[in-house]
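Hi,

Here is the structure I promised to pass on. Have a look at it first, and my notes follow underneath.

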Amino acid sequence: MKWVMKEPKPGDMVRVGFGALYHFGIFVSDAEVIQFGLAPNSRAMIPDSEVQVLASDIDTFLAGGFLEVCEFDRKERKKHRKPEQVVAYARQRLGQRGYHILYNNCEHFANECLTGEAVCRQMDGVRAMFQRIPVVDVYLARMPGERPMPPLSCGLRQQDIDAVSAPELKRQKYYVWKLLEYALERSFGLKSRDLTFRREADRYCCDKARFSMSHCGDVLAVAVSREPVGIDLEKIVCRDTEPLASRVFSAGEMAHYRQLPAEEKTDFFFRLWTAKEALFKAAAKDVFIPAAEDALQGDVKSFAMPIGGEAFYVSVATRTPERIRFYENITL
């Protein structure tokens with residue numbers, strides 16, 4: 001196969017270059033090029049979950065670049081669908097989602113339309129680009145009902161779980177790890193069985209990703225990133241928070257707390273408490289001293305979220321809060 005600049009025909013696989021990477025599609029006409037998401041410089045910060053197979057005109061597909069058409073030799077063409085079948089298959093995929101830059105991208109889509117096989121020949125370049133992009137992915141799930149818990153692939157974590165006597169805490173620790181396994185594979189393509197985990201103080205870590213875990217009742221939260229990250233999750237409970245606030249807030253935080261109307265103090269307390277926990281986890285400190293964590297000025301972002309009809313605060317400590325993406329209602 002080779003890429004040439006020429007007039008495309010219906011059913012041709014086409015591409016446009018953006019630096020070292022290319023955006024692929026199936027040409028139907030100047031008014032219809034079917035592709036998995038728009039070119040990278042057009043879709044900006046659209047979350048992967050919202051990227052879908054769509055049709056655009058040729059100018060939108062090119063986004064200012066130059067069109068190239070794929071030419072195949074006779075042996076390669078024998079494995080291809082007929083042009084009208086390629087177009088029909090591409091149209092059947094319109095509206096479908098499930099985009100992943102490594103495992104299900106625009107080149108996978110175009111090749112599958114052509115041959116039935118989803119392959120990506122520019123994978124090395126895609127991986128290199130992907131690894132340079134800051135990622136802060138947050139996954140939220142509810143614990144499933146009572147059911148067997150097969151041994152984890154991480155023997156270290158399994159030993160710690162086996163040592164827990166309280167049934168509910170045992171389930172929390174088990175399923176938040178299962179959520180971590182899901183998150184590492186979904187965000188980075190890392191399978192738990194291929195990773196070597198170690199424990200430093202009360203934290204787990206590995207060399208290929210940064211992560212943090214939290215749980216509250218049957219709600220589980222995991223954050224994964226390429227940089228230090230911390231997450232904490234707490235259910236917002238209406239109660240007198242001042243006695244605890246006076247023990248864990250700094251002088252400046254306490255002064256701010258006391259100026260608030262009574263109806264705002266509970267919300268403020270849980271926002272700062274989760275922020276302090278998240279900052280502590282991200283910094284990988286050995287001892288948690290709440291008053292020493294500056295929850296008002298630190299690199300942390302907090303979210304008030306309804307989960308299962310209840311109110312929670314989720315705080316994420318990261319140097320790139322603009323990159324935080326939430327994936328909710330994960331089924332374990």
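Let me start with one residue pair: Arg 142 sits opposite Val 219 in S11. Keep in mind that this is a predicted model.

That pair belongs to a bigger pairing, in which strand S7 (residues 136-142) and strand S11 (residues 219-225) run antiparallel over 7 bridges. In general, strands of a sheet pair through backbone hydrogen bonds, either parallel or antiparallel.

Zooming out, S7 and S11 are part of an open sheet of 4 strands, ordered S10-S11-S7-S15, with mixed pairing. Which strands stand at the edges? They are S10 (210-216) and S15 (324-330), and each has a single partner strand, so one side of each has no neighbour in the sheet. From one strand to the next, the twist averages 15°.

There is a helix to look at here too: H8 (residues 167-188) lies across S7, S10, S11 and S15. Relative to S11, H8 runs at about 35°.

Now for the chain as a whole:

- Its secondary structure comes to 11 helices and 15 strands.
- The C-alpha atoms fill a box of roughly 75 × 45 × 35 Å along the principal axes.
- Of the 332 residues, 47% are buried.
- If you take contacts between residues at least 6 apart in sequence, 61% of them join residues at least 24 apart.
- About 16800 Å² of the chain is exposed, and carbon and sulfur atoms supply 50% of that.
- The chain has 47 positive and 46 negative charges, and their mean positions are 5 Å apart.

If you open the model, I'd begin at Arg 142 and Val 219 and work outwards from there.

Cheers

Conventions. Residues numbered from 1 in each chain as written. Predicted model: local features only at pLDDT ≥ 70, side-chain atom pairs only at ≥ 80, totals over all residues. Heavy atoms only, no water. Pairing = 2+ DSSP bridges. Helix = DSSP H or I, 4+ residues; strand = E, 2+ residues; numbered from the N terminus. Axes fitted to C-alpha atoms, helices over the stretch in contact; angles between N-to-C directions. Contact = heavy atoms within 4.5 Å. Buried < 20%, exposed > 50% of the residue type's maximum accessible area, 1.4 Å probe, protein only. Areas by Shrake-Rupley, 256 points an atom, 1.4 Å probe, with all protein chains shown as cover. Lys, Arg positive; Asp, Glu negative; His and termini not counted. Charge placed at Lys NZ, Arg CZ, Asp CG, Glu CD.
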